[in-house]
Amino acid sequence: MALSTRILSKSRQLCGSQSILQKENTIPVRFYAKEAAAPLANKGDEILKNIFLEVKAKYETALGIFRKEKITIDPDDPAAVSQYAKVMKTVRQKADLFSESQRIQYTIQTRTQDVPDARTYLLTLKDIRIKRGLTDDLGAEAMMMNALDKVEKEIKKPLMRNDKQSMALLTAEFDKINKK
């Protein structure tokens, strides 16, 4: 009490975290915070959590297979290469993983399913190839576009993917290119 009297004499009013001192009166004060509401889970947070759990499960599955299987890495030994391929195929199947060719095939199917004409289809394939970092060393894309131009000039309209006769002409042109 002596301390509060000294403080009171030096200052007319003092605010503190526990009490407010005024002239000769001490009023105890408590500060209350509003109750913290539980944060609402965002849909994005839930999606990320599910993706993480899925990837974690695949990783643990693959690791379990690698712990059980013995892998010998020797590119000159056909049996070791065959065993490695077998183990990797097992891992992909059990962990539900795609190989690179399966990923590319899936990308092509999903990105081209709504494409009505052959030209847009070929341009979409070109975009996929570029984004994947694949090179066209043989110049196959240019030859396919030339074949498409030839067929479109022949039928005098844009080639639609659902046009069976015109697509047969394009396939025949592609076969000629493949023979070369």
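Val55 sits in helix H2, which covers residues 43-68. Together with Ile47, Leu48 and Ile51, Val55 makes up a nonpolar patch on the surface. The accessible area of these four residues adds up to about 390 Å². The model behind this description is a predicted one.

Stepping back to the whole chain, the fold has seven helices and three strands. Going along the sequence, the order of elements is α-β-β-β-α-α-α-α-α-α, with one helix ahead of the three strands and a run of helices after them. Of the 180 residues in the protein chain, 16% are buried. The chain exposes about 14900 Å² in total, and carbon and sulfur atoms supply 56% of that area. As for contacts, taking those with a separation of 6 or more, 33% are between residues 24 or more positions apart.

Next comes the packing of helices. Two packed helices are described by the angle between their axes and the distance between the axes. For helix H6 (residues 140-155) and helix H7 (residues 164-179), the axes come within 9 Å and cross at roughly 140°. This H6 and H7 crossing is right-handed. On the H6 side, the contact is made by Met143, Met144, Ala147, Leu148, Lys150, Val151, Glu154 and Ile155. The H7 side brings in Ser166, Leu169, Leu170, Glu173, Phe174, Lys176 and Ile177.

Two of those H7 residues, Glu173 and Lys176, also pair up with each other. Their side chains meet in a salt bridge, with N to O at 3.5 Å. Both residues belong to helix H7 and are three residues apart, about one turn of the helix. Their surroundings can be told apart by accessibility: Glu173 has a relative accessible area of 12% and is therefore buried, the cut-off being under 20%. Lys176, at 47% relative accessibility, counts as partly exposed.

Salt bridges that share partners also link up elsewhere, joining Glu100, Arg103 and Arg132 into one network. Within this group, the side chains of Glu100 and Arg103 meet in a salt bridge at 3.0 Å, N to O. Glu100 and Arg103 are about one helical turn from each other, because they are three residues apart in helix H4 (residues 100-112). Glu100 shows 40% relative accessibility, so it counts as partly exposed. Arg103 also counts as partly exposed, with a value of 38%.

A further salt bridge ties Asp149 to Arg119, and here the closest N and O atoms are 2.5 Å apart. This pair links distant parts of the chain, since Asp149 is in helix H6 and Arg119 is in helix H5 (residues 118-132), 30 residues apart. Asp149 has a relative accessible area of 29%, which makes this residue partly exposed. Arg119 is likewise partly exposed, its relative accessible area being 24%. Overall, the count of salt bridges comes to eight, among them Glu100 with Arg103, Asp149 with Arg119 and Glu173 with Lys176.

Conventions
Residues are numbered from 1 along each chain as its sequence is written. This is a predicted model: local features need pLDDT of at least 70, side-chain atom pairs count only at pLDDT 80 or more; totals for chains, interfaces and linings use all residues. Side-chain values use heavy atoms; hydrogens and water are left out. Helices (H or I, at least four residues) and strands (E, at least two) are DSSP runs, numbered from the N terminus. Buried means under 20% relative accessible area, exposed over 50%, partly exposed in between (1.4 Å probe, protein chains only). Contact means heavy atoms within 4.5 Å. Accessible areas come from the Shrake-Rupley method with a 1.4 Å probe; for residues, only the protein chains shown count as cover. Patches are made of residues with over 30% relative accessible area and no salt bridge: like charges are joined within 9 Å, nonpolar side chains (Val, Leu, Ile, Met, Phe, Trp, Tyr) within 5 Å. Axes are lines fitted to C-alpha atoms, for helices over the stretch in contact, and angles run from 0 to 180 degrees between N-to-C directions. A crossing is left-handed if the near helix is turned anticlockwise from the far one by less than a right angle, and right-handed if clockwise.
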